[in-house]
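Visitor: I would like to learn how to read a structure like this one, feature by feature. Could we begin with the words used for its parts?

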Amino acid sequence: MASSMLYGAENLTLTRGVTPKRLGFLGSGVHGKQFANSGLISCSRMSKVRTLSPKCSLSSSRPASQPRFIQHKKEAFWFYRFLSIVYDHVINPGHWTEDMRDEALEPADLSNRNMLVVDVGGGTGFTTLGIVKHVDAKNVTILDQSPHQLAKAKQKEPLKDCKIIEGDAEDLPFKTDYADRYISAGSIEYWPEPQRGIREAYRVLKLGGKACIIGPVYPTFWLSRFFADVWMLFPKEEEYIEWFQKAGFKDVQLKRIGPKWYRGVRRHGLIMGCSVTGVKPASGDSPLQLGPKAEDVSEPVNPFVFLYRFILGAMAGAYFVLVPIYMWIKDQIVPKGQPI
Ligand SMILES: C[S@@+](CC[C@H](N)C(=O)[O-])C[C@H]1O[C@@H](n2cnc3c(N)ncnc32)[C@H](O)[C@@H]1O
């Protein structure tokens, strides 16, 4: 019943003939059922392949249009002012490992060293380090709203030939039909209007270009859901697919990812839980027309309201620093091969 209320739930299909039982990791989903943690999901109304409703997403969340505490550009700016200091060494290892990154970038199909690539919300360049394994650094642009995060990227030797610029994911400083690949990892959760950012991804890509957005997935466990909704945007899998389709992308696919020590558990949500790709089928702007931006960053903000939101949002974020540690301890204690 819950699933029938969700857009496109009936359209999600597991491709490559993989059935949940044959997948490597199984975890306990909502209502205690087992579900596949990984696999490639694509969207097709006509497909006869076995359908898989993504059980990690079956509970209702606040709509993406109602931003959480750290889902405004000013809050994201200050959040990363401090987080950039520890980002690579303390935050990433719990959520976003090198093997996850390489797995998540695989559907982006970085098949040619001469491709023009934009890494939007590129931050300290952690994902860009994965991109430059396949594409010449001189062809890669890292864009981020945080000069503090970008300062870390500038210090990385393999990224010294990349172009590094400040900018907003929802209003990209690239011309239409510019890039062969659009990559964005772990940034969508801070965008006040994710649909606008994905529309921009479409616009800046060339005909046949591919967008790859890696981001969080919504929890089903009640406490994790509570903190997720306070902190930032944790989209549902079907929301990603809907945003891509509305922006005009074709061949939209979603690949589930997660840290190894979670053994496929997705009920707490994941900061980096899926890699969604889509292909631009025609040159030019997106067929989706949107009005003016929801957030005007030039408007004055009440400092007390800002501080209250910022502190509550950052505290909720701290819960998600603890979850990977809790899962790691469980992984150490529970015998291998058993669900945790
Ligand atoms: C979790 S970090 C991810 C960094 C990097 N992509 C990685 O894989 O490690 C999120 C990044 O998104 C950036 N960001 C948030 N909102 C943004 C926006 N509207 N435009 C551009 N960058 C944004 C933040 O400054 C931050 O550096």
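Guide: Helices and strands are runs assigned by DSSP, where a strand needs at least two residues, and they are numbered from the N terminus. With that in mind, aspartate 251 can be placed in strand β10. Please remember throughout that this is a predicted model.

Visitor: What is the secondary structure of the protein chain, counted in helices and strands?

Guide: The protein chain has eight helices and eleven strands. Of its 340 residues, 47% are buried. When we look at contacts between residues at least 6 apart in sequence, 76% of them join residues at least 24 apart.

Visitor: Which parts of the model have pLDDT under 50?

Guide: A confidence value accompanies each residue, running from 0 to 100. For the protein chain the mean pLDDT is 81, and 77% of the residues reach 70 or more. Over residues 1-38, however, pLDDT stays under 50, although the model has 94 contacts beyond four places in sequence for them. Residues 43-62 also stay under 50, with 59 such contacts in the model.

Visitor: Where are the buried residues of helix α2, and how should I read their positions?

Guide: The general idea is that an α-helix has 3.6 residues a turn, so residues three or four places apart point the same way. In helix α2, residues 98-105, the buried residues are Met100, Arg101, Ala104 and Leu105. These four lie on the same side of α2 because they cover an arc of only 125° around the axis. On the face turned away from that buried side, α2 carries the exposed residues Glu98, Asp99 and Asp102.

Visitor: What do the buried residues of α2 pack against?

Guide: They pack against α3, β8 (179-185), β9 (205-217) and β11 (270-279), which brings us to the strands.

Visitor: Is β8 enclosed or open, and how can one tell?

Guide: A residue counts as buried if 20 or more other C-beta atoms lie within 10 Å of its own. In β8, seven of the seven residues are buried, so this strand is largely enclosed by the rest of the structure. The case of β11 can be read in the same manner, for nine of its ten residues are buried, so β11 too is largely enclosed by the rest of the structure.

Visitor: Which strands pair with β8, and in what sense?

Guide: Strand β5, residues 117-120, pairs with β8 in the parallel sense over three bridges, and valine 117 has arginine 181 of β8 as its bridge partner. β8 also pairs with β9 in the parallel sense, over six bridges, and here tyrosine 182 has alanine 211 in β9 as its partner.

Visitor: How does β11 pair with β9 and with β10?

Guide: β9 and β11 run antiparallel and are joined by seven bridges, with glycine 215 standing opposite cysteine 274 in β11. Strand β10, residues 250-256, pairs with β11 in the antiparallel sense over five bridges, and leucine 254 has valine 276 in β11 as its bridge partner.

Visitor: What is noteworthy about phi in aspartate 251?

Guide: Aspartate 251 is a residue other than glycine, yet its phi has a positive value, near 50°. This aspartate counts as partly exposed, because it has 14 C-beta neighbours inside 10 Å. Aspartate 177, likewise not a glycine, has a positive phi of about 60°. Aspartate 177 is found in the loop between β7 (163-166) and β8, and with 15 other C-beta atoms within 10 Å it is partly exposed.

Visitor: Where is proline 281, and which residue far along the chain can be compared with it?

Guide: Proline 281 lies in the loop between β11 and α8, and it is exposed, with 12 other C-beta atoms within 10 Å. Glycine 208 is 73 residues from proline 281 along the chain, while their C-alpha atoms are separated by 5.8 Å.

Visitor: Finally, which residues surround the ligand most closely?

Guide: The ligand is surrounded by 22 residues, of which the closest are Gly121, Gly123, Ser146, Gly186 and Ser187. The shell divides into eight nonpolar, ten polar and four charged residues. Both α1 (73-95) and α3 (126-131) supply at least two residues of this shell, and the largest share, three residues, comes from α1.

How values were computed
Residues numbered from 1 in each chain as written. Predicted model: local features only at pLDDT ≥ 70, side-chain atom pairs only at ≥ 80, totals over all residues. Near = placed C-beta within 6 Å. Nonpolar A, V, L, I, M, F, W, Y, C, P; charged D, E, K, R; others polar. Contact = placed C-beta atoms within 7 Å. pLDDT = per-residue confidence, 0-100. Arc of directions from axis to C-beta. Pairing = 2+ DSSP bridges.
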